[in-house]
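Trainee: I'm new to this one. Could you walk me through how to read it?

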Amino acid sequence: MEQKPIKEQIGLLIGLQVIDSQIYVLSKEKASMPDHLRSIDEMIELKKTGIKQAEDNLKNTQLKLKEKEGNLQQKEEQIKKLQGQLYTLKTNKEYSTMLTEIEGIKSDNSLTEEDIIRLMDEIELAKKKISEEKELFKAEEANAQKEKENINLKAKEIDARLSELNEKRNGIAPNIEKQVISRYEKILKNKDGLAITCIEDGSCGGCHLNLPPQVISDVKLREDIVVCGSCLRILYIEDNVEIS
Ligand SMILES: [Zn+2]
């Protein structure tokens, strides 16, 4: 089989690159989607855990309150009991000892009452905060759901576009010599989706390094595939090709 002129092949590669650049961008976008979806789920889980934690803290505070209230009740009953016994005491000393004991319990109780008030305030505040957070979470969860749906929708659009582009690609690729296209595809894979690039003002359009005059004249000769010595991308020069 007669080999197609390099000039013609370069033209086909340029057309292919236009398609492959789009494929590259779309594939990259699609590849980032699972991570994006995961990060949305993680954010929601984190918020759920935060609310659960706040609810657990509230439960603990409520238990503490119950304990304090029980304790207070017990102490008040004790005071009543001691007050009842006051009148049965025989000596002044016994009487004043018991009075001191009662006063001691009373002052403990007033501390407990302060604790109870503090805990009740704490509980009220926590309940308010939790209900606000839950309300906020509802909206965030709905937004997250919507965002995920949008991503999935976008993924479908990308898939449709990719299959269109691949179809176009398959219309061009078989017309290029096997070793030329395999070389091109290897560069495409290794060089961020850009395998063939134009010489701009004596520099490589891919890596922007200055090209030696010899390389530029080799490109102009269009007798062989010429690559940039630095980034190894295939080079072409505008007025040197026929774009198919
Ligand atoms: Zn280069």
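Mentor: Let's begin with burial. A residue is buried if 20 or more other C-beta atoms lie within 10 Å of its own, exposed if 12 or fewer, and partly exposed in between. Keep in mind that this is a predicted model.

Trainee: Let me try that on Ile102. Why does Ile102 count as partly exposed?

Mentor: Because Ile102 has 18 C-beta neighbours inside 10 Å, and partly exposed is the class between 12 or fewer and 20 or more. Ile102 is in helix H2, which covers residues 92-172.

Trainee: Which residues does Ile102 touch, leaving out those up to four places away in sequence?

Mentor: Ile79, Leu82 and Gln83. Those three fall within helix H1, which runs over 6-86. You can also look at Lys75: it sits 27 residues from Ile102 along the chain, and their C-alpha atoms are 9.7 Å apart.

Trainee: And over the protein chain, what percentage of the residues count as buried?

Mentor: 12% of the 244 residues. Now look at the overall shape. The C-alpha trace spans about 130 × 40 × 25 Å along its principal axes. The radius of gyration is 40 Å, while a compact globule of 244 residues would be near 18 Å.

Trainee: How far apart do the C-alpha centres of domain 1 and domain 2 lie?

Mentor: They're 60 Å apart. The domain assignment gives 21-173 for domain 1 and 178-239 for domain 2.

Trainee: What about the secondary structure? How many helices and strands are there in the protein chain?

Mentor: Four helices and three strands. Follow the sequence and the pattern reads α-α-α-β-β-α-β.

Trainee: In what order do the three strands sit in the sheet?

Mentor: The order is E2-E1-E3, in an open sheet with mixed pairing. E2 and E3 are the edge strands, each pairing on one side only. E1 and E3 run parallel, with three bridges, and Cys198 stands opposite Tyr236 of E3. E1 and E2, the latter being residues 203-204, are antiparallel over two bridges.

Trainee: Which residues are the bridge partners in E2 of Glu200 and Ile199?

Mentor: Glu200 partners Ser203, and Ile199 partners Cys204. E1 and E2 make a hairpin with two residues between them, and Asp201 in that turn has a positive phi of about 50°.

Trainee: Next, the core. What's the general idea there?

Mentor: In soluble globular proteins, nonpolar side chains tend to be buried together. Here, the largest nonpolar core has 22 residues, and among those with the most contacts inside it are Leu13, Tyr184 and Val227. Helix H1, helix H3 (178-190), strand E1 (196-200) and strand E3 (234-236) each supply at least two residues of this core.

Trainee: Which residues does Tyr184 touch, again leaving out those up to four places away in sequence?

Mentor: Leu13, Ala195, Ile196 and Ile234. For the chain as a whole, take the contacts between residues at least 6 apart in sequence: 72% of them join residues at least 24 apart.

Trainee: Last thing: where does pLDDT stay under 50?

Mentor: Over residues 240-244, for which the model has 17 contacts beyond four places in sequence. Where pLDDT is low, the predicted coordinates should not be read in detail. The protein chain averages a pLDDT of 94, with 97% of the residues scoring at least 70.

How values were computed: Residues are numbered from 1 along each chain as its sequence is written. This is a predicted model: local features need pLDDT of at least 70, side-chain atom pairs count only at pLDDT 80 or more; totals for chains, interfaces and linings use all residues. A nonpolar core is a set of buried Ala, Val, Leu, Ile, Met, Phe, Trp, Tyr and Cys residues joined through C-beta atoms within 7 Å. Two residues are in contact if their C-beta atoms, placed from the backbone, lie within 7 Å. The radius of gyration is taken over C-alpha atoms; the globule rule is 2.2 Å times the number of residues to the power 0.38. Domain bounds come from an automatic or database domain assignment. Two strands pair if DSSP finds at least two bridges between them. pLDDT is the predictor's confidence in each residue, from 0 to 100.
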